[in-house]
Amino acid sequence: LGKRDRVMRKLIPQLGEARLSSRGDAFTTLARSIVGQQISVAAAQAVWQRFGALAKLTAERLAPAAVLALDGAAMRACGLSARKVEYLRDLAAHF
């Protein structure tokens, strides 16, 4: 990547071995990434905690069926945008 992109060429040495890591469950990892898009880390954590409580997150795992059973207004009340609610439901439907 560094050979093809001049910006990445500068960033890769600065970041070293930094990379996304899975929490062992692909659905939960992807859902967390949707929740955290375009907001600060602190805000993402707060929204994730509220959403996790609503969805009855167990052992840091989120069940697709639990997401599909949630009311959209309740998901929005956790701090999720309408678009993120749509993305989370679509993700759950594909699992």
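A residue is described as exposed when its relative accessible area is over 50% and as buried when that area is under 20%. In the predicted model examined here, these terms distinguish two sides of helix H3, which comprises residues 41-54. Ala42, Gln49 and Ala53 are exposed and lie on the face of H3 turned away from its buried side. The buried residues of this helix are Ala44, Val47, Trp48, Phe51 and Gly52. Because these buried residues cover an arc of only 135° around the axis, they fall on the same side of H3. Their packing partners are H2, H4, H5 (72-77) and H6. The length of H3 was also examined: its 14 residues, at 1.5 Å a residue, should span 20 Å, and the end C-alpha atoms are 20 Å apart, in agreement with that expectation. Lysine 56, which follows H3, has a positive phi near 55°.

Helix H2 spans residues 26-36, and its buried residues are Phe27, Thr28, Ala31, Arg32, Ile34 and Val35. These residues are placed on the same side of H2 because they cover an arc of only 160° around the axis. The elements covering them include H3, H4 (64-68) and H6. After H2 comes glutamine 38, with a positive phi near 60°.

Helix H6 extends over residues 82-93 and contains alanine 82. With a relative accessible area of 44%, alanine 82 is partly exposed. A separation of 8.1 Å is found between the C-alpha atoms of alanine 82 and glycine 72, which are 10 residues apart along the chain.

Conventions. Residues numbered from 1 in each chain as written. Predicted model: local features only at pLDDT ≥ 70, side-chain atom pairs only at ≥ 80, totals over all residues. Heavy atoms only, no water. Helix = DSSP H or I, 4+ residues; strand = E, 2+ residues; numbered from the N terminus. Buried < 20%, exposed > 50% of the residue type's maximum accessible area, 1.4 Å probe, protein only. Arc of directions from axis to C-beta. Contact = heavy atoms within 4.5 Å. Expected span 1.5 Å × (residues − 1).
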